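Hi,

Here is the structure I said I would pass on. Have a look at it first, and then read my notes underneath.

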Amino acid sequence: SQTKNYDFSFSGIKTSLLYFLRDNNLKDPDFVANNLNDICASYEFSLVNMLMKRLEKGLKDLNPKSIGIVGGVSANKALRNALNQLGNKYNTACYIPQFQYCTDNAAMIAKAGSFLLRY
């Protein structure tokens with residue numbers, strides 16, 4: 001049987017953004033300043049969409065009982081919302097740390113260590 005690929009790569013979308021900004025800055029030197037909010041929101045939307053498509057593939061193929069995120073990326077509200085929506089769609093429990101534990105990976109490692117000490 002063929003192994004399914006669930007890897008995430010952002011190299012293509014980063015390069016795409018780089019070329020998009022370069023090309024638009026050539027036409028209008030103030031492009032980024034004039035469109036910063038839209039650029040950031042669109043990029044965030046695209047990244048979250050990419051992640052959710054790959055995660056949904058894994059949910060369909062593997063049917064896990066739960067999913068979770070940790071680290072700094074788990075502080076992203078759009079990602080948190082999308083993860084919860086996907087979990088609800090597939091009736092899969094979602095584990096997302098409280099916001100105060102998301103901004104620094106060291107806090108997540110310390111929390112994991114505290115669980116290991118207890119058990």
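What follows is a short tour of what turned up, starting with one helix and moving on to a pocket and a few single residues. Bear in mind that this is a predicted model.

**Helix α2**

A good place to start is α2, which covers residues 31-62. Does the length of this helix agree with its residue count, or disagree? With 32 residues at 1.5 Å a residue, α2 should span 46 Å, and its end C-alpha atoms are 44 Å apart, so the two values agree. That doesn't make α2 straight, though: look at N37, where a kink of about 55° is centred.

Next, which residues of α2 are buried? They are F31, I39, V48, L51, M52, E56, G58 and L59. As for what they pack against, that would be α1 (11-27), β1 (66-68) and α3 (77-89). In general, an α-helix has 3.6 residues a turn, so residues three or four places apart point the same way. You can keep that in mind when you trace the buried positions L51, M52, E56 and G58 along α2.

**Two residues early in α2**

I39 sits in α2 and counts as buried because its relative accessibility is 12%, which falls under the 20% cut-off. Setting aside neighbours within four places in sequence, I39 touches L17, F20, L21, F31 and V32. One of these, L17, is 22 residues away in sequence, while its C-alpha is 9.1 Å from that of I39.

V32 belongs to α2 too. Is V32 buried or exposed? Neither, in fact: its relative accessible area is 28%, so V32 is partly exposed. Beyond its neighbours within four places in sequence, V32 has contacts with L21, N25 and I39. V32 and L21 are 11 residues apart along the sequence, with 7.3 Å between their C-alpha atoms. So that you can find this spot on screen, pick L21, which is in contact with I39 and also with V32.

**The largest pocket**

Now for the largest pocket, which holds about 190 Å³ of space. Its lining is made up of Y6, F8, L51, M52, R54, L55, G58, I67, G68, I69, L79 and L83. Which element gives the largest share of that lining? It is α2, with five residues. At least two lining residues come from each of α2, β1 and α3. By type, the lining has nine nonpolar residues, two polar ones and one charged.

L51, M52 and G58 appear in this lining, and they are also among the buried residues of α2. L55 is another of the lining residues, and its place is in α2. Not counting neighbours within four places in sequence, L55 makes contact with I67, L83 and L86. Of those, I67 and L83 line the pocket as well. For a sense of scale along the helix, L55 and F45 are 10 residues apart in sequence, and their C-alpha atoms are 15 Å apart.

**Two asparagines with positive phi**

Most residues other than glycine have a negative phi. Two asparagines here are worth a look on that account. N63 comes just after α2, in the loop between α2 and β1, and its phi is positive, near 50°. N63 is exposed, because its relative accessible area is 60%, over the cut-off of 50%.

Where is N91? It lies in the loop between α3 and β2 (93-95). Although N91 is not a glycine, its phi is positive at about 50°. N91 is exposed too, with a relative accessible area of 73%.

**One more residue, in α4**

Last, G113 is in helix α4, residues 105-118. At 27% relative accessibility, G113 counts as partly exposed. Its C-alpha is 25 Å from that of L79, and the two are 34 residues apart along the chain. L79 may look familiar, as it is one of the residues lining the largest pocket.

Happy browsing!

Technical notes: Residues are numbered from 1 along each chain as its sequence is written. This is a predicted model: local features need pLDDT of at least 70, side-chain atom pairs count only at pLDDT 80 or more; totals for chains, interfaces and linings use all residues. Side-chain values use heavy atoms; hydrogens and water are left out. Helices (H or I, at least four residues) and strands (E, at least two) are DSSP runs, numbered from the N terminus. The expected span of a helix is 1.5 Å times one less than its number of residues. The bend at a residue is the angle between axes fitted to the seven residues ending there and the seven starting there. Buried means under 20% relative accessible area, exposed over 50%, partly exposed in between (1.4 Å probe, protein chains only). Contact means heavy atoms within 4.5 Å. On a 1 Å grid over the protein atoms alone, a cavity is a set of points where a 1.4 Å probe fits but cannot get out, and a pocket is an open set with protein on both sides within 12 Å along at least five of seven lines; lining residues have an atom within 4 Å of a point. Grid points are joined across faces, edges and corners, and a volume is the space filled by probe spheres set on the points. Ala, Val, Leu, Ile, Met, Phe, Trp, Tyr, Cys and Pro count as nonpolar, Asp, Glu, Lys and Arg as charged, and the others, Gly among them, as polar.
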